[in-house]
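Take a look at the protein below. We will walk through it step by step.

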Amino acid sequence: MSLLSFFLLPLLFVSARSYSYYGLSYNIDCGSATNSTDGFNTTWLSDRFYTGGSSYYVSEPLQFRHPQEKTLRFFPPSSGKKNCYVVPNLPSGRYYVRTFTVYDNYDGKSHPPSFDASVEGTLVFSWRSPWPEDLTRTGAYSDLFVFVTDGEADICFYSIATDSPVVGSLQIVQVDPASYDGGFDGRKYILVNYGRLSCGSGQWGPGFSNDTDQFSRSWQSDAQFRTNDSKSPARVISTTNSISHAGEAPNFFPMKLYQSAVTADGKKNLEYDLNVDAKLDYLLWFHFAEIDPKMNKVGDRVFDIFINDKNVTRIDIYKEVGSFRAYTWHYTVKNLSSTQLNVQLKGVAGTPLISGLENYAMVPADVATLPEQVVAMRALKESLLVPDRMGWNGDPCAPTNWDAWEGVTCHLNKNETALVISRIDLGSQGLKGFISDQINLLSDLLSLNLSSNSLEGKIPLGLGQKSLQRLDLSDNQLTGSIPESLTSSNLQLVLLNDNLLDGRVPEQLYSIGVHGGAIDLYGNKGLCGVPSLPDCPLFWENGGLSTKGKIAIGITCGVILCLMLLVLYIIYVRRRRNDYDFGFPHDLIPLGAKTNRYHRQKSIAVLEMESQHAKADLQPLQGK
């Protein structure tokens, strides 16, 4: 088995209790349908947050003591090459991640799988068949520290050939973001455990004993890593006294770590050989506490630390912190060229002493896909109903060691700070959904091929406005009109044939074929307006009114409005004229009424006088 950047803890009585610095932790029992509690009173959640795969039991469950060790999740080829656990709703910060990997011939094939594993888009674990026999049967734990900045932790598994990756349990614990500050930007590296040694004791910590660790770290005995030298055997010393400054922020190293130590006799040297991978940097974290009451003044115990035969520092514990007080020192080994890391403590005065030693590979964080393009690709996955077999899970482009999502091509952006999507080729994949509008977020997309599927709906508005050069949406069931955005001068190939599109074809789009490109619109009975296609109706196109139709309606409405205004104006003018000729102001009505009565009375008096004169004239005549 090939191991890339991680340290294996053989299974003894392993579990995990999460004493999270911030109180946020997940203990996931992969493959289990129910919650459970182990012998250390730790609650394990039923399997969740996975993108695919199936659950199963190990073949010999009785050899595993705790329930979370007896189930697993495996990812067959039908689930795709890439599958993930995506743990949501995580605050930005640093996290301790530990996985338990077990095979135990669960499938009866006696073939442990070959696969890779990544965390937050960076390759960290690599398993290759055949595994060592003890790991095949009992499994192993591995852990690391990683920053999460996007609100979710992605732990992904990538199948090699046709093998099915496996995972037995997953733990995520939030820790102090300032922990393990080695003088570098922690967000740019993942610290992968290559050895966390407690000197002078056995395995302990969450899962091994009831001893607690704020970060849920487990500690392994240093005995198997010490170089055996009969002339200078190591001597174990321990104390029950309290050790001051243990358990303090930001690393919260447990007091138990400093209550035991090893020191050298004979030649006054201690030596450790650590297995590593070449071409990586390593962060070494040393732990000391002077717990021998005989060493009570400066200069009693002085020793030099050599790393790969290089003298890197001189340590006098009492001079630094006094007795029964925790003291740490760290060192970064750069550009390691071998697979062996040698650490020696050589006595200058007295004998060297050490309480603990941690070794972390500094794995550079891989570049990730631009966040907005991740959003676009996940939206496309949902809208296109991309089948599980294509493995569209996790980051579309990262890790760069793996292939991108099936049918997707990526490249670095101009600043080489992120990955972007440049090609999508999903022709003849049996897709039955629609094209999400979020595709417009793929501003670096050069080629899009979704041909020969059963896609419905409209072509998204805005498609083609950016860098798109080749577009093939042929042989689908797309409806609606061709958006004006496809008139982009960058397009060199446009295949929209054999769909249900309608309306006027933009003239600039059709001109692609005239200027050396290629365009095919055949098989869309509703399209019109360019050579080889019918003329568009004067007032109707693209399933609605044409521009001319809108103009005509606008002019007609304007004429009608003018006529109505003219009629209203005439009526208004006439009414004003009538009011001037025949109407009287209200306050003049009494005077007019009096004048009228006077004329009427005068007329009556005149008539009466005339009548009387007439009678007088008639009387003499009658007398004669």
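Start with L566, which is partly exposed because its relative accessibility is 46%, and partly exposed covers the range between under 20% (buried) and over 50% (exposed). Keep in mind that this is a predicted model. L566 sits in helix α5, which covers residues 547-582. It also has a part in a nonpolar surface patch of about 810 Å². The patch is made by I551, I555, V559, L563, L566, Y569, I570 and Y572.

Now step back to the whole protein. It has 624 residues, and 50% of them count as buried. Its secondary structure comes to 6 helices and 37 strands. The accessible surface comes to about 30,100 Å². Carbon and sulfur atoms hold 52% of that surface. How do the contacts spread along the chain? Take the contacts with a separation of 6 or more: residues 24 or more positions apart account for 70% of them.

Strands come next. In general, the strands of a sheet pair through backbone hydrogen bonds, and the pairing is either parallel or antiparallel. One open sheet here has 4 strands, in the order β7-β12-β9-β10. Its pairing is antiparallel. Which strands stand at the edges? They are β7 (82-87) and β10 (122-127). Each has a single partner strand, so one side of each is left without a neighbour in the sheet. From one strand to the next, the twist averages 20 degrees.

Zoom in on one pair within this sheet. Strand β9 covers residues 115-119, and strand β12 covers residues 153-159. The two run antiparallel, and 5 bridges join them. Find V119 on the model: it stands opposite I155 in β12.

Turn now to charged side chains. The protein has 13 salt bridges. One of them joins the side chains of D143 and R196, with 2.8 Å from N to O. D143 lies in strand β11 (residues 140-148), while R196 lies in strand β15 (residues 189-198). The two are 53 residues apart in sequence, so the salt bridge ties together separate parts of the chain.

R196 has another partner. Its side chain also meets that of E358 in a salt bridge, at 3.4 Å from N to O. This pair links distant parts of the chain: R196 is in strand β15, and E358 is in strand β26 (residues 356-364). They are 162 residues apart. Put the pieces together, and D143, R196 and E358 are linked in a network of salt bridges.

Are these three residues buried or exposed? D143 has 1% relative accessibility, so it counts as buried. R196 is buried too, because its relative accessibility is 1%. E358 comes to 0%, so E358 also counts as buried. The cut-off behind this reasoning is under 20%.

Another salt bridge lies elsewhere in the chain. The side chains of R301 and E290 meet at 2.8 Å, N to O. Both R301 and E290 lie in the loop between β20 (281-288) and β21 (302-307). They are 11 residues apart in sequence, so the salt bridge ties together two parts of that loop. R301 is buried because its relative accessible area is 3%. E290 is buried because its relative accessible area is 1%.

Two residues remain on the tour. The next is S447, in strand β29 (residues 447-449). Its relative accessible area is 8%, so S447 is buried. What does S447 touch, leaving out residues up to four places away in sequence? Its contacts are S422, R423, I424, L468 and R470.

Last comes E456. Its place is in the loop between β29 and β30 (470-472). E456 counts as partly exposed because its relative accessibility is 42%. How far is E456 from Q477 in sequence and in space? They are 21 residues apart in sequence, and 5.0 Å apart from C-alpha to C-alpha. Q477 is also in contact with E456. Leaving aside neighbours within four places in sequence, the other contacts of E456 are G433, F434, I435 and L478.

Technical notes. Residues numbered from 1 in each chain as written. Predicted model: local features only at pLDDT ≥ 70, side-chain atom pairs only at ≥ 80, totals over all residues. Heavy atoms only, no water. Pairing = 2+ DSSP bridges. Axes fitted to C-alpha atoms, helices over the stretch in contact; angles between N-to-C directions. Buried < 20%, exposed > 50% of the residue type's maximum accessible area, 1.4 Å probe, protein only. Contact = heavy atoms within 4.5 Å. Salt bridge = Lys/Arg side-chain N within 4 Å of Asp/Glu carboxyl O. Areas by Shrake-Rupley, 256 points an atom, 1.4 Å probe, with all protein chains shown as cover. Patch = residues over 30% accessible without salt bridge, like charges linked within 9 Å, V, L, I, M, F, W, Y side chains within 5 Å.
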